[in-house]
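Thanks, everyone. Please pull up the model on your screens. I'll start at the ligand and work outward.

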Amino acid sequence: MAIAIYPGSFDPVTRGHLDIIHRAARIYDHLIVAVLINSAKSPLFTIEERVALLTECCRDIPNVTVESFDGLTVDFARKRHATVMVRGLRAVTDFENEIQLAQTNYALMPGIETVFLATNIRWSYLSSTVVKEAARYGSDISKFVTPNVEQAVRAKFSAAPSGQP
Ligand code: ADP
């Protein structure tokens, strides 16, 4: 059984992430979407909120589960008996960082391979940051995220005055 993990911050999950999830779920027997508890970044959504939004988005894909994790991604992958780490590559600007990460992870844990899926060109400009910036200034984000995420992002920005979450 081939188990893969798809790690990331998912703050929040976008249609670009979901495209990768759907495609990876067709390749592997089980895909674990692994949401990083990263205290270095200050996320808009709590870890529980990010996991809940992703779980809702993935509920119709039977071989996908969503979990949070802390620490090294390779350690989490090993604990879950995953042999593959999936990452999305949007553009050449992603490459430098991703290749370094993949090579570091291989050095740390050679039994786990990083596999890159090329982003659907439709979503190549899209990031969680783009979603948050657009929402901050009141733009329509419905083409970037699913309705549950749109609602959650709107709620964050409407809770505070002057576009501050
Ligand atoms: P990280 O903080 O680890 O970069 P992200 O949540 O931003 O986490 O992204 C997780 C993974 O999803 C990364 O491999 C990233 O390249 C990929 N990704 C992000 N946005 C898109 C997109 N629009 N299309 C496809 N893959 C994407």
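Start with the shell around the ligand. Its residues divide into six nonpolar, six polar and four charged. Keep in mind that this is a predicted model. In total, 16 residues surround the ligand. The closest are Tyr6, Ser9, Lys41, Gly88 and Leu126.

Now the polar contacts. Which atoms of Gly88 come up against the ligand? Here it is the backbone: an N or O atom of Gly88 lies 2.6 Å from a ligand oxygen. Arg90 uses its side chain. A polar atom there lies 3.2 Å from a nitrogen atom of the ligand. Then there is Trp123. One of its polar backbone atoms is 2.9 Å from a nitrogen atom of the ligand.

How much of the ligand does the protein cover? On its own, the ligand has 550 Å² of accessible area, and the protein covers 88% of that.

Next, the site itself. The ligand takes up the space of the largest pocket. Which elements give two or more residues to the shell? They are β1, residues 3-8; α1, residues 15-27; and β4, residues 84-89.

Let's step back to the whole chain. The protein chain has six helices and five strands. Read from the N terminus, the order is β-α-β-α-β-α-β-α-β-α-α. The radius of gyration is 16 Å, and the globule rule gives 15 Å for 165 residues. Those two values are close, so the chain is as compact as a globular protein of that length. As for dimensions, the C-alpha trace spans about 50 × 35 × 30 Å along its principal axes.

Last stop: the loop between β1 and α1. Both Phe10 and Pro12 sit there. First, some background. Most residues other than glycine have a negative phi, and most peptide bonds are trans. Now look at Phe10. Its phi is positive, near 50°, and this residue is not a glycine. Then move along to Pro12. Is the peptide bond from Asp11 to Pro12 cis or trans? It is cis, with omega near 5°.

To recap the site: the ligand occupies the largest pocket, with Gly88, Arg90 and Trp123 in polar contact with it. Over to you for discussion.

Note on methods: Residues numbered from 1 in each chain as written. Predicted model: local features only at pLDDT ≥ 70, side-chain atom pairs only at ≥ 80, totals over all residues. Heavy atoms only, no water. Near = heavy atom within 4 Å. Polar contact = N/O pair within 3.5 Å; in protein donor to acceptor, adjacent residues only side chain to side chain. Areas by Shrake-Rupley, 256 points an atom, 1.4 Å probe, with all protein chains shown as cover. 1 Å grid on protein atoms, 1.4 Å probe; cavity = no way out; pocket = protein on both sides within 12 Å on 5 of 7 lines; lining within 4 Å. Sits in = over half its atoms within 2 Å of the grid points. Helix = DSSP H or I, 4+ residues; strand = E, 2+ residues; numbered from the N terminus. Nonpolar A, V, L, I, M, F, W, Y, C, P; charged D, E, K, R; others polar. Rg over C-alpha atoms; globule rule 2.2 N^0.38 Å.
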